[in-house]
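User: I've got this model open at the bench and would like a close look at one part of it, with enough of the surroundings to make sense of it. Pick the part and walk me through it in one go, please.

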Amino acid sequence: MSTAAVDIAPLGEAGKPAPVFLTVEEAACCLRVGRTTCFALIRTGELESLTIGGLRRVPADAPAAYLARRRAEQRAA
């Protein structure tokens with residue numbers, strides 16, 4: 001039996017591992033909003049982000065979490 005290493009990360013495009021973080025521009029694209037609007041969401045805390053080495057990054061699951069919260073808010077209203 002072989003003991004080859006197995007990559008358990010989910011695969012994205014072209015067999016590459018799915019990204020853990022998105023740039024602000026990529027997150028804006030996911031949400032179909034502009035870069036400025038995305039930065040405003042980050043500034044107000046509505047969209048989670050981290051600073052890594054001076055770069056602003058958005059966790060890959062943050063746009064979906066933001067959308068889920070917005071949907072819940074609209075259903076409650």
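Analyst: **A close look at helix H1**

Among the contacts in the chain with a separation of 6 or more, 34% come from residues 24 or more positions apart, a contact being heavy atoms within 4.5 Å. Bear in mind that this is a predicted model, where local features need pLDDT of at least 70, side-chain atom pairs count only at pLDDT 80 or more, and totals for chains, interfaces and linings use all residues. Residues are numbered from 1 along each chain as its sequence is written, and side-chain values use heavy atoms, with hydrogens and water left out.

On confidence, the chain's average pLDDT (the predictor's confidence in each residue, from 0 to 100) is 88, and 83% of the residues score at least 70. Residues 5–9 drop below 50, and that stretch has two contacts in the model beyond near neighbours in sequence.

Now the layout. You get three helices and three strands, in the order β-α-α-β-β-α from the N terminus. Those are DSSP runs numbered from the N terminus, with helices being H or I of at least four residues and strands E of at least two. Of the 77 residues, 19% count as buried, meaning under 20% relative accessible area, with exposed over 50% and partly exposed in between (1.4 Å probe, protein chains only).

H1 covers residues 24–31. Its buried residues are Val24, Ala27, Ala28 and Leu31. These cover an arc of only 100° around the axis, so they sit on the same side of H1; the arc is taken from the directions from the helix axis to the C-beta atoms. As for why such spacing works, an α-helix has 3.6 residues a turn, so residues three or four places apart point the same way. What do the buried residues of H1 pack against? Their partners are S1, H2, strand S3 (55–59) and H3. Once H1 ends, Arg32 follows with a positive phi, near 60°.

H1 also has a charged link. Glu25 makes a salt bridge with Arg35, with the closest N and O atoms 2.8 Å apart; the term needs a side-chain nitrogen of Lys or Arg within 4 Å of a carboxyl oxygen of Asp or Glu. Because Glu25 is in H1 and Arg35 in helix H2 (residues 35–43), the pair ties together parts that are 10 residues apart in sequence. Glu25 is partly exposed at 41% relative accessible area, and Arg35 is partly exposed too, at 47%.

The structure holds two salt bridges, and the other partners are Arg70 and Glu73, whose closest N and O atoms are 3.9 Å apart. Both of these residues lie in helix H3 (residues 62–76), three residues apart, about one turn of the helix. Arg70 is partly exposed at 32% relative accessibility, as is Glu73 at 49%.

Just upstream of H1, Val20 lies in the segment before strand S1 (21–23), and at 58% relative accessibility Val20 counts as exposed.
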